[in-house]
Amino acid sequence: MQRQSILVVEDEEDIRELINYNLTREGFQVEAVATGEDALQSLKKTTPDLVLLDLMLPGVDGLEVCRRLKNNAGTSSVPVVIVTAKGEEADVVTGLELGADDYVIKPFSPRVLLARVRAVLRRQDSPPVDEDDTLEIHGMVIHPGRHEVTLEGKKVDLTLTEFRMLHLLASRPGWVFTRYQIIEAVHGENYLVTDRSVDVQVVGLRKKLGSAGKMIETVRGIGYRFKE
Ligand code: CA
């Protein structure tokens, strides 16, 4: 099997070398660049299997690289993992809304970084879930066609909004959804329009799910995720 290739974009040399060393040692083919301009150049020549993207870069910053990559038909399906410093959750939210797949907060351990990279590559390889397929996860069965959820065999009474939120989160376990992405996905019910209303819905949904409610995790400053 051909080695999977990763484009690393990081202006801090120490971190770039650390990432390069760890990914190479794990068998990945790595190209490491220091600027957004170099990243865009590289993407014109070769299409990597994944991009590890620092956000704070001099010149063309990481968000702009992400925007251009996702807007280009040739690279739009390349998964992006954002690397950013603590306290920049707002940029992570923007990155996820631009189409980034996941993020890692600095300082990170190489083990965590590798786990995230592998998880994103694994999701990329697995066939997409059909919107209408019944989902079975953590003792929960979600029937999209019937708008019905059962928990350990018992039917749970959900509103349409709660159902759509649960279906969205559970269809991609481990993925972080921003509040805006949740609003977009459950679209159609006009009262769900603010970040705050998403939070209120989640509280209600968790309550109805009982002990399974903890499967919906809050990702501070960013959004929500269904446990993997
Ligand atoms: Ca940086």
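These legends walk you through close-up views of a predicted model.

**View 1. The calcium ion and its protein donors.** Welcome to the metal site. Here the calcium ion is coordinated by Asp11 (OD), Asp54 (OD) and Met56 (O), with distances of 2.1 to 2.3 Å. Read along the chain, the donors follow the spacing D-x42-D-x1-M. The pair of aspartate 11 and methionine 56 links distant parts of the chain, 45 residues apart.

**View 2. The two loops that hold aspartate 11 and methionine 56.** Aspartate 11 sits in the loop between strand S1 (5-9) and helix H1 (13-25). Methionine 56 belongs to the loop between strand S3 (50-54) and helix H3 (62-71). Are these residues buried or exposed? Aspartate 11 has a relative accessible area of 29%, so it counts as partly exposed. Methionine 56 has a relative accessible area of 52% and is therefore exposed, as the cut-off for that word is over 50%.

**View 3. Helix H6 packing with helix H7.** Now let us turn to a pair of helices. Helix H6 covers residues 160-171 and helix H7 covers residues 179-186. Their axes lie 9 Å apart, at an angle of about 120°. That angle makes H6 oblique to H7. The crossing of the two helices, H6 and H7, is right-handed.

**View 4. Residues where H6 and H7 meet.** Which residues come together here? From H6 come Thr161, Arg164, Met165, Leu168 and Leu169, and they meet Gln181, Ile182, Ala185 and Val186 of H7. Sorted by class, this contact of H6 with H7 has six nonpolar residues, two polar ones and one charged one.

Key. Residues numbered from 1 in each chain as written. Predicted model: local features only at pLDDT ≥ 70, side-chain atom pairs only at ≥ 80, totals over all residues. Heavy atoms only, no water. Donors = N, O, S within 2.8 Å, 3.2 Å for Na, K, Ca; no water. Helix = DSSP H or I, 4+ residues; strand = E, 2+ residues; numbered from the N terminus. Buried < 20%, exposed > 50% of the residue type's maximum accessible area, 1.4 Å probe, protein only. Axes fitted to C-alpha atoms, helices over the stretch in contact; angles between N-to-C directions. Parallel < 35°, antiparallel > 145°, perpendicular 65-115°, else oblique. Left-handed = near helix turned anticlockwise from the far one by under 90°. Contact = heavy atoms within 4.5 Å. Nonpolar A, V, L, I, M, F, W, Y, C, P; charged D, E, K, R; others polar.
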